[in-house]
Amino acid sequence: MDDLKPWLKATQKQVDSALSRFLPRESARPQTIHKAMRYSIFAGGKRLRPILTLAAAEACGGDIEHALAPACATEIMHTYSLVHDDLPSMDDDDLRRGRPTSHKVFGEGMAVLTGDALLTQVFIVIAQTPATKRYSVKDYVQEIADTGGSKKLIGGQVLDLEGEGKQLTKKDLIRIHEAKTAALLTCSVRLGAMTANATPAQLDALTTFGYHLGLAFQVIDDILDVTQTTEMLGKTAGKDEAVDKSTYPAILGLEKSRQEAARLTKKALGALAPLGKKSQRLEQIARYLLDREY
Ligand code: GRG
């Protein structure tokens with residue numbers, strides 16, 4: 001398998017060009033909302049979720065082209081959650097992906113609408129995914145709707161809001177991470193697998209992989225908030241500590257948090273065994289994420 005870095009770069013480019021096709025043009029009326037949607041999408045994220053969708057399709061022997069619509073749908077869902085998460089009524093952040101946040105540039109009302117429009121676009125895009133023998137378009141829609149709903153992404157945000165100012169336990173924290181972060185990463189790999197007509201056993205393996213990778217990813221995100229600079233992260237570093245947020249480093253300390261991220265990554269890697277050699281790319285991605293610096 002080729003080196004990961006050039007593959008990541010080429011895949012990010014492929015995803016960006018698909019995203020541009022799947023979003024309304026900036027010139028479409030009313031221009032402000034379309035400009036704002038593209039502003040946040042093309043602000044320079046890592047494209048982790050679409051990359052996972054494409055790598056999961058490959059791991060199940062599928063065609064990457066067939067996985068482009070769900071790959072973009074996961075990135076659009078993620079971007080909507082960031083736009084809303086940054087609002088003054090939520091985390092109140094000024095910087096995201098190295099740029100001023102949506103509400104700073106377009107105003108708060110427009111940022112609310114931008115998140116809403118991105119979330120709606122998720123369903124326009126997912127509906128364009130080709131069906132396979134085992135999975136219908138309805139299955140894809142259900143998968144992503146369930147992930148974005150009140151028991152997962154939004155539910156996680158509710159737990160997060162309700163936990164503000166409270167001393168959370170590790171168990172509370174895991175519940176938030178499962179819903180906020182692991183759910184969308186799991187959905188990303190599952191959708192890729194579904195476009196490849198994955199067997200139930202392949203889908204199960206990738207569900208376990210996505211879950212543990214998602215938890216590891218959030219632990220690392222918490223660690224980076226403490227150890228990295230704002231410039232490196234493209235978002236305000238040290239924010240968790242400043243608002244006294246319960247995080248892995250706050251509860252366990254840095255060293256134990258690193259060990260926990262490594263343990264979760266190992267679990268994710270173990271889940272790939274039934275997929276064989278084709279899952280090498282997913283394995284490389286999981287190892288890369290553990291050592292990432294932003
Ligand atoms: C529905 C408002 C609303 C929120 C849902 C997912 C979520 C809850 C909020 C998003 C904000 C957040 C801190 C999520 C945690 C997941 C996470 C670590 C996001 C950062 O993801 P990266 O590092 O970001 O992949 P880039 O910019 O690279 O795409």
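This report covers the nonpolar cores, a surface patch and one buried residue of a predicted model.

## Nonpolar cores

The largest nonpolar core holds 65 residues, and the members that touch the most others are L52, L206, F209, L282 and I285. Helix α4, which spans residues 68-85, supplies the largest share of this core, with nine residues. A separate core of 14 residues lies apart from it; L173, I176, I223 and A261 are among its members.

I285, one of the residues with the most contacts to other members of the largest core, can be followed further. Once neighbours within four places in sequence are set aside, the contacts of I285 are L4, W7, L48, I51, L52 and A55. One of these partners, L52, is also listed with I285 among the residues that touch the most other core members.

## Surface patch

M232, Y288 and Y294 make a nonpolar patch of about 280 Å² on the surface. Of these residues, M232 is placed in helix α11, residues 230-233. The relative accessible area of M232 is 36%, so this residue counts as partly exposed. Patch members must have over 30% relative accessible area, and M232 at 36% meets that cut-off.

## T147

T147 belongs to helix α7, which covers residues 137-148. With a relative accessible area of 2%, T147 is buried, because the cut-off for buried is under 20%.

Leaving out residues up to four places away in sequence, T147 touches K152, L153, A183, L184 and C187.

Methods: Residues are numbered from 1 along each chain as its sequence is written. This is a predicted model: local features need pLDDT of at least 70, side-chain atom pairs count only at pLDDT 80 or more; totals for chains, interfaces and linings use all residues. Side-chain values use heavy atoms; hydrogens and water are left out. A nonpolar core is a set of buried Ala, Val, Leu, Ile, Met, Phe, Trp, Tyr and Cys residues joined through side-chain atoms within 4.5 Å. Buried means under 20% relative accessible area, exposed over 50%, partly exposed in between (1.4 Å probe, protein chains only). Helices (H or I, at least four residues) and strands (E, at least two) are DSSP runs, numbered from the N terminus. Contact means heavy atoms within 4.5 Å. Patches are made of residues with over 30% relative accessible area and no salt bridge: like charges are joined within 9 Å, nonpolar side chains (Val, Leu, Ile, Met, Phe, Trp, Tyr) within 5 Å. Accessible areas come from the Shrake-Rupley method with a 1.4 Å probe; for residues, only the protein chains shown count as cover. A salt bridge is a side-chain nitrogen of Lys or Arg within 4 Å of a carboxyl oxygen of Asp or Glu.
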